[in-house]
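Please look through the sequence and the model below before reading on. The briefing that follows takes up empty space, surface and charge pairs in turn.

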Amino acid sequence: MEPARTEPADQEPDIRARPPLVREFLLVAGLFLAYKFGRRAANGHVEEAFRNAGNVWDLERALHLPGEGAVQGLLLHSETLTHAANTYYAAVHFPATALFLIWLYWRRPGHYVRSRRVLAALTAAALALHLLFPLAPPRMLPAAGLVDTGQVYGPTVYGQTPATDTMANQFAAMPSLHVGWAVMVAVGLIAVTRSRWRLLWLLHPAITLLVVVGTANHYWLDALVVVALLAIALAAFRPPRGARTGSAQPSRPGAWGNAAPFPAPAYATAADAHPGPPARPRAGAVR
């Protein structure tokens with residue numbers, strides 16, 4: 001007897017759903033550069049950024065959120081762990097998201113366009129908040145009493161003088177795209193993969209959250225706001241109802257691994273194609 005299958009068979013990607021590669025590369029690269037230059041346009045709002053930081057810190061305490069220092073205290077017990085957290089913050093964020101999009105484009109092209117649109121919408125919303133609400137990170141806030149682990153232990157992606165940093169805008173803490181992109185990567189991979197271990201992808205946003213808070217680059221509220229924005233973007237770009245219901249019930253593979261069992265021969269009768277239960281022998285019949 002063939003053992004019952006607990007997972008649908010993997011299917012070959014539908015190349016017809018795959019957008020032109022050059023166009024997608026130029027589009028994604030253009031969106032990234034637009035974000036980088038737009039984010040740098042928010043530089044220079046030092047007083048407003050620190051005033052907003054004080055308000056965010058007070059709001060977190062009023063909401064009884066745990067202090068960011070509790071997470072950083074765990075990191076500071078080990079210089080190796082602190083260095084690893086700084087490395088994760090600096091080196092994993094963008095490559096993980098890029099690899100996610102590349103894998104979707106190649107293996108799940110039907111899901112790629114939606115994921116790219118969600119990430120673009122989330123990034124655009126984050127850029128708008130960076131411009132409208134400049135925010136100094138907790139590592140710069142004296143009231144927080146936190147250590148700038150990147151500057152002390154390394155590595156860091158930021159310059160020592162935030163107001164004149166030409167590489168990045170250090171007053172763009174709200175919201176945290178590190179967390180937003182990590183959650184999108186996990187949600188996307190859980191949705192399109194079939195492994196029984198796929199929930200382990202949630203470790204990526206969980207580790208990212210602890211890293212951005214423990215290194216004092218973000219507040220808890222930065223993560224909560226970006227998750228809310230991501231939920232809105234996912235709802236705005238929901239797939240059509242037919243696509244959702246059609247893919248939710250995959251057909252069971254046949255004995256040869258096809259998506260459906262072999263059809264009955266043309267000469268077969270209805271009874272041959274769909275045989276019923278065997279007839280009971282008559283009394284006195286030869287057995």
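The largest cavity in this structure, which is a predicted model, has a volume of about 60 Å³. Beyond that enclosed space, the notes below describe a pocket of about 630 Å³, a nonpolar surface patch of about 400 Å² and a total of 5 salt bridges found in the whole structure.

**The cavity**

- Rolling a probe the size of a water molecule over the atoms shows where empty space is left.
- When the structure is searched for cavities of 30 Å³ or more, 1 is found.
- The residues that line the largest cavity are Asn86, Tyr89, Asp148, Gly150, Pro155, Thr156, Val157, Tyr158, Thr215 and Asn217.
- By type, the lining of the largest cavity divides into 4 nonpolar residues, 5 polar residues and 1 charged residue.

**The second largest pocket**

- The second largest pocket holds about 630 Å³ of space, and of the 24 residues that line this pocket, Val28, Ala29, Phe32, Phe94 and Leu101 are the closest to its centre.
- Two or more residues of this lining come from each of the elements α1, α5 and α6, the last of which covers residues 109–132.
- Helix α1 gives the largest share of the lining of the second largest pocket, with 9 residues.
- The lining of the second largest pocket consists of 20 nonpolar, 2 polar and 2 charged residues.

**The nonpolar surface patch**

- Phe32, Leu33, Phe37 and Phe94 together make a nonpolar patch of about 400 Å² on the surface.
- Helix α1, which runs over residues 21–40, supplies the largest share of this patch, namely 3 residues.
- Phe94 lies in helix α5, which spans residues 93–107.
- Why does Phe94 count as partly exposed? Its relative accessible area is 40%, and a residue is called partly exposed when its value falls between the limit for buried, under 20%, and the limit for exposed, over 50%.
- Two residues of the patch, Phe32 and Phe94, are also among the residues closest to the centre of the second largest pocket.

**Salt bridges**

- Side chains of opposite charge can pair when their charged atoms come close.
- Arg23 and Glu24 meet through their side chains in a salt bridge, with a distance of 3.1 Å from N to O.
- Arg23 is partly exposed, at a relative accessible area of 47%, whereas Glu24 is buried, at a relative accessible area of 2%.
- Glu24 also forms a salt bridge with Arg116, and here the closest N and O atoms are 3.0 Å apart.
- This pair of Glu24 and Arg116 links distant parts of the chain, since Glu24 belongs to helix α1 and Arg116 to helix α6, with their positions 92 residues apart.
- Both partners of that pair, Glu24 and Arg116, are buried.
- Arg23, Glu24 and Arg116 are linked in a network of salt bridges, and Glu24 takes part in the bridge to Arg23 as well as in the bridge to Arg116.
- Another salt bridge joins Arg61 to Glu60, where the closest N and O atoms are 3.3 Å apart.
- Arg61 is partly exposed, with a relative accessible area of 27%, while Glu60 counts as buried because its relative accessibility is 0%.

Key
Residues are numbered from 1 along each chain as its sequence is written. This is a predicted model: local features need pLDDT of at least 70, side-chain atom pairs count only at pLDDT 80 or more; totals for chains, interfaces and linings use all residues. Side-chain values use heavy atoms; hydrogens and water are left out. Patches are made of residues with over 30% relative accessible area and no salt bridge: like charges are joined within 9 Å, nonpolar side chains (Val, Leu, Ile, Met, Phe, Trp, Tyr) within 5 Å. Accessible areas come from the Shrake-Rupley method with a 1.4 Å probe; for residues, only the protein chains shown count as cover. A salt bridge is a side-chain nitrogen of Lys or Arg within 4 Å of a carboxyl oxygen of Asp or Glu. Helices (H or I, at least four residues) and strands (E, at least two) are DSSP runs, numbered from the N terminus. Buried means under 20% relative accessible area, exposed over 50%, partly exposed in between (1.4 Å probe, protein chains only). On a 1 Å grid over the protein atoms alone, a cavity is a set of points where a 1.4 Å probe fits but cannot get out, and a pocket is an open set with protein on both sides within 12 Å along at least five of seven lines; lining residues have an atom within 4 Å of a point. Grid points are joined across faces, edges and corners, and a volume is the space filled by probe spheres set on the points. Ala, Val, Leu, Ile, Met, Phe, Trp, Tyr, Cys and Pro count as nonpolar, Asp, Glu, Lys and Arg as charged, and the others, Gly among them, as polar.
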